[in-house]
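Reader: I would like to know how the words used for a structure follow from its numbers. Please take me through some of them.

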Amino acid sequence: MATFRIGKVVLRSLFKKPATLMYPVVPREWQERTRGHIDIRKEDCIVCGICAKKCPANAITVDRNKRTWTIERMQCIQCNCCVEACPKTCLIMENQYTEPGPEKVVDTFEIPKPEKAAPNKGKADGGAADGELTCNLDECIYCGLCSKNCPCDALTVDRKEKVWKVDTDACVSCGACVEKCPKKCLSLGGADAPAAEADKKAEKPKEAEYSCPEDEAGLRCKISDCIYCGLCGKACPVEALTIDRKEKVWKVDKEACVTCEACVSQCPKDCLEVI
Amino acid sequence: MGKRTIIPFGPQHPVLPEPVHLDLVLEDEVVVEAIPSIGFIHRGLEKLVEKKEYTEMVYVIERICGICSFGHGWGYCASVEGAMDVEIPERAEYLRTIWHELSRLHSHMLWLGLLADAFAFDSLFMHCWKLRETILDIFEKTTGGRVIFSVCKVGGLRKDIDNETLKEIVDTLKGLKKEIKELTDVFITDTSVKNRLCGVGVLSKQDAIDLSATGPVARGSGLVQDLRLNGPGVYHKLNFEPVVEEGGDCYARCKVRIGEVFQSIDLIEQAVSQIPDGPIDVPVKGNVKGEFAVRLEQPRGEAFYYAKGADSKFLERMRVRTPTNMNIPALVKMLQGCDLADVPILILTIDPCISCTER
């Protein structure tokens, strides 16, 4: 007969400290990898919304207009997807759990506006980078072609009042207006004239031409329509796009591209698509 | 012959970790028939493949079950990888095997505790769970989660374990082995435990074959059936024999699981000694086009995963068949002729996971 076989174990544990922790008086020791809750470094956030797109549980909402970042704590499954997807690494997986409570907590963070305008990532063009758009008003005929061709509505032209105005915050120095000006009275700060000339020379008959074949997954550009304005590059949260207006180069780094489509909505010529 | 009475058992019952309902037809104290019914915890997870991208779906599949969560993630990823013709790096295969064996270890320790609880041996129950806690700590250290790991992804793994930590794990398990041995000796030799387990709920080898029993239930009835021998992972590079017992009763099923606890520790030691260095994932691009099926040995038995792509971000169909699904007919057979007092133990010895079964 073998009875009370567990006696040794029981007696040993009788004289030992309890195996449990006195919760909540004794705090738990978190591991380095413990997935507790998501936190955000607000000042680094660019409100790109990639985290919300990558969240499998739809726990994150990003409002670009109100500049808010919202997380539903109960919905979050701590899968770490947003942290891995964030291009600015402003999301952090903290290793403590959130406080237990009877309510479903929704945390909203207001994202402060960056102090300076974000640097123009899309611009590989050295001349345009430090240049402001100027108009030689003596020669200007106020035709309005520049304003019509501006991809970001930065120009106001009034023929009657003889007004030509540029909104420097909105202008991305793409040079589309310089190219269209019949009087050549527009110029971008720095050496830009040769670029305009090169553009002219390179004019080709319009034939739909794409950056990559149709069967290749990812982002592609209808090169034949592209004006190399660089707006897509500016909108790209992962800096996957290279645009060189001088050399007429539009390039996407497919490794870096997360197909967030942020560029697609920004393109004034609708020449971008995600396959 | 006494009067027949029907006793409803479950879905809420102290012994049941998850909701299953049984109508027990009794004659005096003896069960003559058991009619099972499930459907209390259906969540429609398979349907979600239509809404979640195949890369996101792994987080849903992992939540089919809390105990064999890693195995589900692995089975799903393996089936999608098969459909896409992706070969994952060897280190990832090793790490998957190690995590899966750790899962088996913690699942069996949990089960041993629950079994002790079912025959009201509470100190044994608590000591089993105390040891299981060590394994959960290993999970938290290596994956960041204690229950849901979220480390598997299509194309490999999301987290690596460095070789130093792997050695630490082996050392921890070596220490744990002694303590587990003390407790499993109680299960194997203690008279009060044996009185409750020996000769109870015998499932003959023929019945196990006829009713397609799987996992420790089948192996407890003398059936040599272990998908680790030919399933995914690196088991073919490790040296092991399936644990098989001939008795077919609760005691045999308990012994099989105890044997597998030590076998898992041994397999982890072997895997750690062999693991190569290298990458843990390969980039996966494009859509799923083909279809693929994977069979995996979960702690509870054979699980089946089927994935079919629709040449889009979403799969057309995902199918999971879990071991408990296959063991319920065996359970019904075992229940016939047993005492009412043995019903909780019998239900536990198939290690039911109703969440898995219903998904």
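Author: This is a predicted model. Start with B:Ile67, which sits in the loop between α1 (57-62) and α2 of chain B.

Reader: What makes B:Ile67 count as buried?

Author: The cut-off for a buried residue is 20 or more other C-beta atoms within 10 Å of its own. B:Ile67 has 23 C-beta neighbours inside 10 Å, so it counts as buried.

Reader: Which residues is B:Ile67 in contact with, leaving aside its neighbours within four places in sequence?

Author: They are B:Ser107, B:Leu110 and B:Cys353. B:Cys353 is 286 residues from B:Ile67 in sequence, yet their C-alpha atoms are 8.7 Å apart in space.

Reader: What makes α2(B) mostly covered?

Author: Of the 16 residues of α2(B), 15 are buried. This helix covers residues 69-84 of chain B. From its first C-alpha to its last it reaches 23 Å, close to the 22 Å expected at 1.5 Å a residue. B:Asp85 follows α2(B) and has a positive phi, near 60 degrees.

Reader: How do you know that the span of helix α3 of chain B agrees with what it should be?

Author: Helix α3 (residues 90-118) of chain B has 29 residues, and at 1.5 Å a residue these should span 42 Å. The expected span is 1.5 Å times one less than the number of residues. The end C-alpha atoms of α3(B) are 42 Å apart, so the two values agree.

Reader: Why is α3(B) called largely enclosed by the rest of the structure?

Author: Because 27 of its 29 residues are buried. Just after α3(B), B:Ala120 takes a positive phi of about 60 degrees.

Reader: Why are α4(B) and α5(B) called roughly antiparallel?

Author: Helix α4 (residues 122-143) of chain B packs with α5(B) at an angle of about 170 degrees, and their axes are 10 Å apart. Angles over 145 degrees count as roughly antiparallel. The two helices therefore earn that description. On the α4(B) side the contact includes B:Leu124, B:Leu131 and B:Ile138; on the α5(B) side it includes B:Ile169, B:Leu176 and B:Leu183. By class, this contact has 9 nonpolar, 5 polar and 1 charged residues.

Reader: How do you know that α5(B) is roughly antiparallel to α9(B) as well?

Author: The axes of helix α5 (residues 163-189) and helix α9 (residues 250-274), both of chain B, come within 10 Å and cross at roughly 165 degrees. Set against the cut-off of over 145 degrees, that makes α5(B) roughly antiparallel to α9(B). The crossing is left-handed. Among the residues making the contact are B:Val170, B:Leu173 and B:Ile180 of α5(B), together with B:Ile258, B:Phe262 and B:Ile265 of α9(B). The residues of this contact divide into 13 nonpolar, 1 polar and 4 charged.

Reader: How many residues do chains A and B bring to the contact between them?

Author: Chain A brings 17 residues, which are in contact with 23 residues of chain B. On the chain A side these are 10 nonpolar, 4 polar and 3 charged.

Reader: What share of the residues of chain A count as buried?

Author: The share is 29% of its 275 residues. Chain A has 9 helices and 13 strands. Of its contacts with a separation of 6 or more, 65% join residues 24 or more positions apart.

Conventions:
Residues are numbered from 1 along each chain as its sequence is written. Chains are lettered from A and ligands numbered from 1 in the order in which they are written. This is a predicted model: local features need pLDDT of at least 70, side-chain atom pairs count only at pLDDT 80 or more; totals for chains, interfaces and linings use all residues. Two residues are in contact if their C-beta atoms, placed from the backbone, lie within 7 Å. Ala, Val, Leu, Ile, Met, Phe, Trp, Tyr, Cys and Pro count as nonpolar, Asp, Glu, Lys and Arg as charged, and the others, Gly among them, as polar. Axes are lines fitted to C-alpha atoms, for helices over the stretch in contact, and angles run from 0 to 180 degrees between N-to-C directions. Helices (H or I, at least four residues) and strands (E, at least two) are DSSP runs, numbered from the N terminus. Angles under 35 degrees count as roughly parallel, over 145 as roughly antiparallel, 65 to 115 as roughly perpendicular and the rest as oblique. A crossing is left-handed if the near helix is turned anticlockwise from the far one by less than a right angle, and right-handed if clockwise. A residue is buried if 20 or more other C-beta atoms lie within 10 Å of its own, exposed if 12 or fewer, and partly exposed in between; C-beta atoms are placed from the backbone.
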